[in-house]
Amino acid sequence: MYHTPKVRVTLGALVDAIIPNTPLLAFEQGAIQAVGGLYSHIDEYLIWSLDHFYFNLTLASPIAELLDIAASQLIAIGVAGEILDPVAFSNGNSFNALSQKDRLKAINLLPFPYQNNPVFIQIIADALDRFTVFGYYSEWSGYGVTRFTPFEERKLEDIPVSWKQVRYPGKAYRYHALRGYLLDKFTE
Amino acid sequence: MTYDADVIIIGAGGGGPVVAKELGEIGVKVLVLEAGPWYGNKKWPNPNRESGAASSSSVEDLDLGLLTNQFTDYEADMNDWITGKFRWGPADRNRDPWFRNLFQAGFPWQCSGVGGTTLHYWGNSPRAYSLAVDNVWPIPYRELIPYYQKVEATLPVHPAPMTTKEELFFYGARKAGYPLLSTLNVTSPGYRPQPNAILPPDPRINDPDFPFGEKPAGCTLRGHCVNGCHIGPSVEKVAKRSTLCSYVPLALKTGMVKIRPNTFATRIITENHPQEGLRAIGVQFRDTWSGEFGDFKAKVVVMAAGAIETPRLWLNSALPLNPWVGKGLTNHFFGCVAGIFDENVLMNILGTPEANPFVGQNSAARLDYPGLGFLGNFGLSPGLFATLLYTLREGSYNFLHKSDPKEPWDIYGKAVGEKLKYLMSQYRRTLSTLLFVDDEVNPQNMITLDPVFKDEHGPVPLIHYSPSQKDKEKQDQLARIAADVFRKAGAKEIIRADWPPGVYIHSQNTMRMGYVTDTNCEAYQVKRLFIADNSVLFNGLGGPNPTLTTQALATRTAEKLVNRYFS
């Protein structure tokens, strides 16, 4: 998996918008809530998924480009609040230059500059959210340094921070949780 | 002609193994071709890394130890759409999944492998609503009942046990004024435990000293139906009755059934017979490891590859034109509603501060509503839970959506950012239900061949489904009913997820009885070619999960097939 820093910056900015660091939630609920998707390397999971989900096309790079173009459009039409990172903007990383909310607005407006194939854009917009969120709340980040080794060699090295945030105890062999039956059997 | 078997069955998913077992018991020699891997079988100790043996025909090959190692209970390992063991793709996980093209957002959620999509199904086994069958199907509901009974006894099907999430759901349903239904033949609204193809827990399950190490038969309420059940003393006694653990072992025990995984059927071979006309005589296949093609001959062929691949196979085989092949797709137009509860509310109702969506069978309670569909209460491990509840949306992000105080939900639209993290922090106090819509058969909804994309098995399926206005109204009514049930149970926040229609979980009706097949499920235009999967169902059953009806019909089809060609 080779990608330019620009691809990683742009898709990292997307992960950061979907699952951000949340200091306020940490203040309310505890320190574990502070970190978000980038801490768990979900940008890597997303990039890998985008390169393998659609026929044999590797889409991470074109999608990153598309996000930067959509961000520039958002700025051009005056919808974006402000450019938070002028250096990133001048380097062509328009998407990364926006606030988290504006990045999501850019995704929402994605069909806008690409009206010749809005369905494909919808498929991509769906994939961006789905892969990011599934990757984050599944066990994937717990594979740690083994996350890109062959599947059979992956080991769950850590408890994913997302599991701690939602208080999922991980796998269990059984629960002493039976609360009886509403019916013993059905009738014809 | 020399035959490789009397009958070739294409697909070892929900339907194929049922036909195999029924035929094997009568003494008919069967060869089952399955595109994906075989987990829990000694002949494939490393099913994702090595091609292993060609086939297995002995129940002695089944191995619970292997199954336990392979079904790891981890969501990404098991259910990642791209690399998971339960994906639609070849056994070799280093290769990409098999592509299907959609003209919409979403994904087909199907598994290749012995067991097919029952590998990750939730075991829900309700009968169809008679309202959707009588005077609608070419056969009456009463005709199905003996076959339902046979499948229910064979799997077997039991009323699901309650844990916290079911107790809370039933509490809300009662408060909202619905009655408890005890019947298998539902004709009016009410709530009931899911009829699940899951062995009930050992009655001693709550005893802290209960020796689970002895691997007793029965569900242990661990919440991993979707990630692959391996709980039990042996493969054939695993608690969740995927066909991998129910009909497949029973079929092997007849001594008449051979199953060949890693074998993708690419073409139905036919001949013109002077008396019978066009008839099926075999199947061309591709070995998914070696890439080599071959063919098998038989007296009868049964297509059970699912509602997407069966019409694709018909079309790729250039079988006679039939305007209904691939047409009429229904998919229960899913949606999702959830409620978040305060601790004190849960304490009052349950005596415990949490609903715990990861405990118990994944879906063990339902509210039936003939005419609209039904609500299926569910809980899952957090990756799939977050995905189903908060990422699947037809519309925009929640923060871009103006909330309407007149609507019964507080959150509508994709949850994202800090809101998503807040909602997931409430995971253990969230109760959720899927909406299953009684959607209409519409020939505009269909499987066709993609004009551009082609894989090693031919042009890929192009899938399209969009709900009618009536379907949308029904989904909206079901969502309001769900919101009412949760509100009555005391939920403080209600979330509605309007899934894009392109999430294919219950694809059905693409090779309908009465249009593509006769009432024996034999193709009108190709003799000796039968269908035994969700594609042959006449409609969406009024909303109920399709597996049991497909299995009942497959049992009947085996009987009809024997009467016609082997008696």
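**Figure 1. Helix H8 of chain A in its surroundings.** In this predicted model, 16 of the 20 residues of H8(A) are buried, so the helix is largely enclosed by the rest of the structure. H8(A) covers residues 118–137, and because a rise of 1.5 Å a residue would give its 20 residues a span of 28 Å, the separation of 29 Å between its end C-alpha atoms agrees with expectation. The chain to which H8(A) belongs has nine helices and zero strands, and its elements, read from the N terminus on, follow the order α-α-α-α-α-α-α-α-α. Of the 188 residues in chain A, 46% are buried, and the C-alpha atoms of the chain fill a box of roughly 65 × 45 × 35 Å along the principal axes. Among the contacts in chain A with a separation of 6 or more, 56% are between residues 24 or more positions apart.

**Figure 2. The packing of helices H1 and H7 of chain A.** Helix H1 (residues 5–18) and helix H7 (residues 100–108) of chain A pack with their axes 9 Å apart and at an angle of about 105°. Since angles of 65 to 115 degrees count as roughly perpendicular, H1(A) and H7(A) are therefore roughly perpendicular to each other. H1(A) contributes A:Ala13, A:Leu14, A:Asp16 and A:Ala17 to the contact, while H7(A) contributes A:Gln100, A:Arg103 and A:Leu104. By class, the residues of this contact between H1(A) and H7(A) comprise four nonpolar, one polar and two charged.

**Figure 3. A three-stranded open sheet of chain B and the helix that packs on it.** The strands of this sheet in chain B lie in the order S3-S18-S17, with mixed pairing. Strands S3 (101–102) and S17 (446–455) of chain B stand at the edges with a single partner strand each, so one side of each is left without a neighbour in the sheet. S17(B) runs antiparallel to strand S18 (residues 458–464) of chain B, to which it is joined by six bridges, and within this pair B:Met446 stands opposite B:His464 of S18(B). Helix H7 (residues 306–316) of chain B packs on the sheet, where it touches S17 and S18 of chain B, and the direction of the helix makes about 65° with that of S17(B).

**Figure 4. Strand S19 of chain B and its partners.** Strand S19 (residues 493–497) of chain B has four of its five residues buried, so the strand is largely enclosed by the rest of the structure. Strand S12 (residues 335–340) of chain B runs antiparallel to S19(B) and is joined to it by five bridges; in this pairing, B:Val337 has B:Arg496 of S19(B) as its bridge partner. Strand S15 (residues 411–412) of chain B, by contrast, runs parallel to S19(B), with two bridges between them, and B:Ile411 stands opposite B:Ile495 in S19(B).

**Figure 5. The side of chain B that touches chain A.** In the predicted model, 67 residues of chain B are in contact with 57 residues of chain A. The elements of chain B that give two or more residues to this side are the helices H3 (75–79), H5 (164–175), H9 (382–391) and H10 (417–425), together with strand S6 (190–193). H10(B) gives the most, with seven residues on the side of chain B that touches chain A. Divided by class, this side of chain B has 36 nonpolar, 19 polar and twelve charged residues.

Conventions: Residues are numbered from 1 along each chain as its sequence is written. Chains are lettered from A and ligands numbered from 1 in the order in which they are written. This is a predicted model: local features need pLDDT of at least 70, side-chain atom pairs count only at pLDDT 80 or more; totals for chains, interfaces and linings use all residues. Two strands pair if DSSP finds at least two bridges between them. Two residues are in contact if their C-beta atoms, placed from the backbone, lie within 7 Å. Axes are lines fitted to C-alpha atoms, for helices over the stretch in contact, and angles run from 0 to 180 degrees between N-to-C directions. Ala, Val, Leu, Ile, Met, Phe, Trp, Tyr, Cys and Pro count as nonpolar, Asp, Glu, Lys and Arg as charged, and the others, Gly among them, as polar. Angles under 35 degrees count as roughly parallel, over 145 as roughly antiparallel, 65 to 115 as roughly perpendicular and the rest as oblique. The expected span of a helix is 1.5 Å times one less than its number of residues. A residue is buried if 20 or more other C-beta atoms lie within 10 Å of its own, exposed if 12 or fewer, and partly exposed in between; C-beta atoms are placed from the backbone.
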